[in-house]
Amino acid sequence: AVVEHTFNVGNLSISQLCQPDMIITAVNGQLPGPTIQASEGDTVVVHLVNESPYRMTIHWHGIFQRGTPWADGPTMVTQCPVRQGGNYTYRFNVTGQEGTLWWHAHISFLRATVYGALVILPRAGAGAYPFPKPDKEEILMFGEWWNANVYDLHETAFLTGQPAGPANAYTINGKPGDLYNCSAPNQTHKIEVRQNETTLLRIINAALNTPLFFKVKDHTFTVVAADACYTTPYKTDVVVIAPGQTVDALVVADAAVGRYYMAVSPYDSAIPGNPAFSMTTGTAVLEYVGAGNATVPPVLPPQPDYNDTATAYKFLSNLTALVLPGRPTVPLDVDTRMFVTVGLGVSDCQPEQTMCNRSEGPVFSSSMNNASFVLPRATSMLEAHYGGASAGVYTRDFPDRPPIVFDYTSAASDNDTMQYTEKSTKVKTLKYNATVEMVLQNTALIAKESHPMHLHGFNFFVLAQGFGNYNETAAVSQFNLVNPQERNTVAVPTGGWAVIRFVADNPGMWYMHCHFDAHLDLGLGMVFEVQNGTTADTSVPPPPRDLPLC
Ligand code: C2O
């Protein structure tokens, strides 16, 4: 079947936290935007009509885009943005994947308000979930809210080379909840359940910069999927979710009839702490039918401390895949091995950073293997790739190793050479169908932090993760080659590492980057160029006729 939507991106006037009405950018006047619901095997068609004052693209986060690389969406990687007044139709299949994904703007900080859920149900007739059918399903999208124009925030951050400040609130389905000063009664999201019902929560972290702890007072979760990949059922009383990730969890309403807080609070993985985090709690309410008395104040679940890395690591490292017939299994032979440092740094002011204070020395930056990624300006990377005209757009020299070996995770050995990054647009070229193993090594340069690394165009297996410097011999013995979790976004442990593997069976240009927007535009990314094969089905198809021009 074809699932078709029109997304009118335009202004929405909204008031939160007692602020005067603010104009935000939103799809179809909704925050979050519309949910796309499809069944595995369907074709999704979305007509983007840009009535906003900004240039716009939409990314379908976690969708493979097999054979449709022009629909992936990251600005200047796979397309030039849709201009004000312009439009573009995204058309792609949702084949071979099911579960909870999402979509978001992929330009500036506009995904702060331009986002929504993308739910892929099992194919009709092909069966059902590999867990007992829930009585109902609910989407919970976590976000961050600024009492400011996020486009302007981005401009200032980019032009000055300084990170943007903390959000004013965490939100659940666009609403901050009633723990914030002056949050209006209609600014709390509510889910209604009957006692003993089972609800499937489709949880999405759409926040710009903050991993979150999520709890429901007096209730526990059974996690059944992450990033639209089924997991071995995992019982927990806390869900940990980094920006870009999704978690599907069953919750049984087995408490006394009443009202219960559902709460999100930050996991600030940065050491030393990160001033870009807001130390507040966003809430929604789980209300049992019959709870009646609205004056009974719900009690907050005790949240983990903001710096509780042990709780975060336990959740994130204990998930395993549910092995199902027909699902991809871990490739055992590796063609391309990479060791890539991921972290913060500094760089010179760039010419386009017109508000950069040159007399104060270098500005904030971030990089992978010390290459600080910048988007090309004149043409998209996929167009350059397709036209065989990479010159002046990107170079094929993304390094497989860091330029020097040092003690990556000890703050004491802060390394000047590695801290000082060079801006460039480097890609790693892969042969079609190559199996890639990538060690992602976080650094302590400036600060240790858990970077949520997202790969477009593929899922990857997470074979192992840990703290400190990667030690190959020790790590290989821990590799899970039986049922490793499959994801599109891995939260590399703070001051630690993760090993991922994927098969490059999707021709195109695929962005890999930190899903903190504060790091993304300062260079924490790179692009895989998956080479054209020699047959039609292994090469990039011609661009759609309405592909926006730069
Ligand atoms: Cu969800 Cu490139 O991002």
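1. Residues 12-123 of this predicted model are 41% strand and 0% helix. The C-alpha atoms at the two ends of this span are 35 Å apart. The span appears in the UniProt record, an unreviewed entry, under "domain: Plastocyanin-like", which also lists residues 138-291 and 397-532 under that name. For residues 138-291, the composition is 45% strand and 7% helix, and the end C-alpha atoms lie 19 Å apart.

2. The loop between β2 (22-27) and β3 (36-39) deserves inspection, and Pro32 has its place there. The peptide bond that leads from Leu31 to Pro32 is cis, and its omega is near -10°. Asn28 is located in the loop between β2 and β3 as well. The phi of Asn28 is near 50°, which is a positive value in a residue other than glycine. As background, most peptide bonds are trans, and most residues other than glycine have a negative phi.

3. On the scale of the whole protein chain, the model contains 32 strands and 6 helices. The radius of gyration of the chain is 22 Å, close to the 24 Å that the globule rule gives for 550 residues, so the chain is as compact as a globular protein of that length. The C-alpha trace spans about 65 × 55 × 55 Å along its principal axes.

4. The domain assignment divides the protein chain into domain 1 (1-125), domain 2 (129-319) and domain 3 (336-538). Taken over C-alpha atoms, the centres of domain 2 and domain 3 are separated by 28 Å. The contact between these two domains involves 30 residues from domain 2 and 30 residues from domain 3.

5. Which elements supply the side of domain 2 that touches domain 3? At least two residues each are supplied by α1 (150-160), β15 (229-236) and α2 (309-318). The largest share, 4 residues, comes from α2. Sorted by class, this side of domain 2 has 17 nonpolar residues, 12 polar residues and 1 charged residue.

6. Strand β15 also belongs to an open sheet of 6 strands with mixed pairing, in the order β10-β9-β12-β17-β14-β15. In general, the strands of a sheet pair through backbone hydrogen bonds, in either a parallel or an antiparallel sense. In this sheet, β10 (169-172) and β15 are the edge strands, each pairing on one side only. From one strand to the next, the twist averages 25°. The pairing of β14 (residues 221-226) with β15 is antiparallel and extends over 5 bridges. Within this region, Ala225 stands opposite Tyr230 in β15. Strand β15 is thus worth viewing in two settings: as an edge of the sheet, and as one of the elements on the side of domain 2 that touches domain 3.

7. A further open sheet has 5 strands in the order β11-β19-β18-β13-β16, again with mixed pairing. Its edge strands are β11 (189-193) and β16 (239-241), and each of them pairs on one side only. The twist in this sheet averages 20° from one strand to the next. Strands β13 (residues 212-216) and β16 run antiparallel and are joined by 3 bridges. Leu212 has Ile241, in β16, as its bridge partner.

Definitions and conventions: Residues numbered from 1 in each chain as written. Predicted model: local features only at pLDDT ≥ 70, side-chain atom pairs only at ≥ 80, totals over all residues. Domains from an automatic or database assignment. Contact = placed C-beta atoms within 7 Å. Nonpolar A, V, L, I, M, F, W, Y, C, P; charged D, E, K, R; others polar. Pairing = 2+ DSSP bridges. Axes fitted to C-alpha atoms, helices over the stretch in contact; angles between N-to-C directions. UniProt positions renumbered as here; feature names shortened; annotations may be inferred. Rg over C-alpha atoms; globule rule 2.2 N^0.38 Å.
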